[in-house]
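Visitor: I am new to this structure and would like to be shown around.
Guide: Then look at it here, and put your questions afterwards.

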Amino acid sequence: MIYIFVIDSTIFIAETNIAMEEVFSIMEQHFGLTVAAAVFLVLAILAGIAYLAWKAGEIRAKLTTYDANKCVNHDARLLARETQHNDLQSSYNRTREEFDGHMIKHEDFASSVAELRSAVDAMRRLTDLLFTNKITSEFTKSQSPVTISPEGDQIIKSLGLHEMIDKKWADLSHLITEKAGTASPYDIQQFCITQSMLYPELFLCEEDLIRIKEEAYHTGRTINPYMNLIGVMVRDKYFIEHHINIADIDKHDPTKKC
């Protein structure tokens, strides 16, 4: 008889001499030596196949357990990374919202500062207007209606004031029509002259305004006389364009009414 022992993955086949001899002798007597040897060979092969099958099952079980654990660990890592990604995205969104909020506040503050600066500048110009030149200057005649003096004509030619006004005329015509278009000729005149002195940046391009300021600096003047002159020129151009008689100014001048 054959005994199969499995120790540390090694097969040990123990045979008892007595049993082997008896079995082999009986088989030899009945079937012959060849058949007996073949039977023992088949039994050995079957025993080997059985062991290999058992061992393969054991390995497969280990691999299945390993794969399952590996998948679980992999899924856990993926879940952790996804959670971390979501946390980062949430943090980014909060930071972006806070940043946008600060930007809006900064823009509002900057806008308020710009408006305040513009208001202060307008007040300064108004002060200069009230205490220096009023609505006339050395380049215009104080008679009513206000007209351009000979010196004013020279300034117009030397600085090219007609060309400067033409650059801004579309905006100026729209501004006058919107703010004073329905007013009397006198009010239109006052609007053109005072607004040109208070807000010169509305009446001239930046480079032209710089040139006027440089001319005023070199001649020891403020820019008010130049803007006063430009205001009168704008009034004349607007009156011609809208067919307004300049003589009608006196009809609406409150200082000349009884």
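The questions and answers below go from the whole chain to single residues.

Visitor: In what pattern do the helices and strands follow one another along the sequence?
Guide: This is a predicted model. The chain has eight helices and four strands. Read along the sequence, they come in the pattern β-β-α-α-β-β-α-α-α-α-α-α.

Visitor: What is the mean pLDDT of the chain?
Guide: Of the residues in the chain, 68% reach 70 or more, and the mean pLDDT is 78. Residues 1-17 are below 50, and beyond near neighbours in sequence this stretch has 28 contacts in the model. Where pLDDT is low, the predicted coordinates should not be read in detail. For the chain, then, the mean is 78.

Visitor: What share of the chain's residues is buried?
Guide: The chain exposes about 17700 Å², and carbon and sulfur atoms supply 60% of that area. A residue counts as buried under 20% relative accessible area. Among the 258 residues, the buried share is 26%.

Visitor: Which helix gives the most residues to the largest nonpolar core?
Guide: That core has 35 residues, and those with the most contacts inside it are L161, I212 and V234. At least two of its residues come from each of α3, α4, α5, α7 and α8. With nine residues, the helix that gives the most is α8.

Visitor: How many residues of α8 are buried?
Guide: Helix α8 covers residues 224-241 and reaches 25 Å from its first C-alpha to its last, close to the 26 Å expected. It is largely enclosed by the rest of the structure, because the buried residues number 14 of the 18.

Visitor: Which residues does I212 contact, leaving aside its neighbours within four places in sequence?
Guide: I212 is one of the residues with the most contacts inside the largest nonpolar core. Contact here means heavy atoms within 4.5 Å. On that basis, the partners of I212 are L159, L161, M164, L204, I223 and Y226.

Visitor: How far apart are the end C-alpha atoms of α5?
Guide: Helix α5 runs over residues 185-198, and 12 of its 14 residues are buried. At 1.5 Å a residue, α5 should span 20 Å. The model agrees with this, as the end C-alpha atoms of α5 are apart by 20 Å.

Visitor: Is S196 buried or exposed?
Guide: S196 is placed in helix α5, and is listed among the buried residues of that helix. Its relative accessible area is 0%, so S196 counts as buried.

Visitor: Which backbone oxygen lies 2.9 Å from a polar atom of the S196 side chain?
Guide: Leaving aside neighbours within four places in sequence, S196 is in contact with F191, F203, M227, N228 and G231. A polar atom of its side chain lies 3.1 Å from the backbone oxygen of C192. At 2.9 Å, the backbone oxygen is that of M227.

Visitor: What is the phi of H243?
Guide: H243 is found in the segment after α8, and counts as exposed because its relative accessibility is 73%. Most residues other than glycine have a negative phi. H243 is not a glycine, yet its phi is positive, at about 55°.

Definitions and conventions
Residues numbered from 1 in each chain as written. Predicted model: local features only at pLDDT ≥ 70, side-chain atom pairs only at ≥ 80, totals over all residues. Heavy atoms only, no water. Expected span 1.5 Å × (residues − 1). Buried < 20%, exposed > 50% of the residue type's maximum accessible area, 1.4 Å probe, protein only. Areas by Shrake-Rupley, 256 points an atom, 1.4 Å probe, with all protein chains shown as cover. pLDDT = per-residue confidence, 0-100. Core = buried A, V, L, I, M, F, W, Y, C linked by side-chain atoms within 4.5 Å. Polar contact = N/O pair within 3.5 Å; in protein donor to acceptor, adjacent residues only side chain to side chain.
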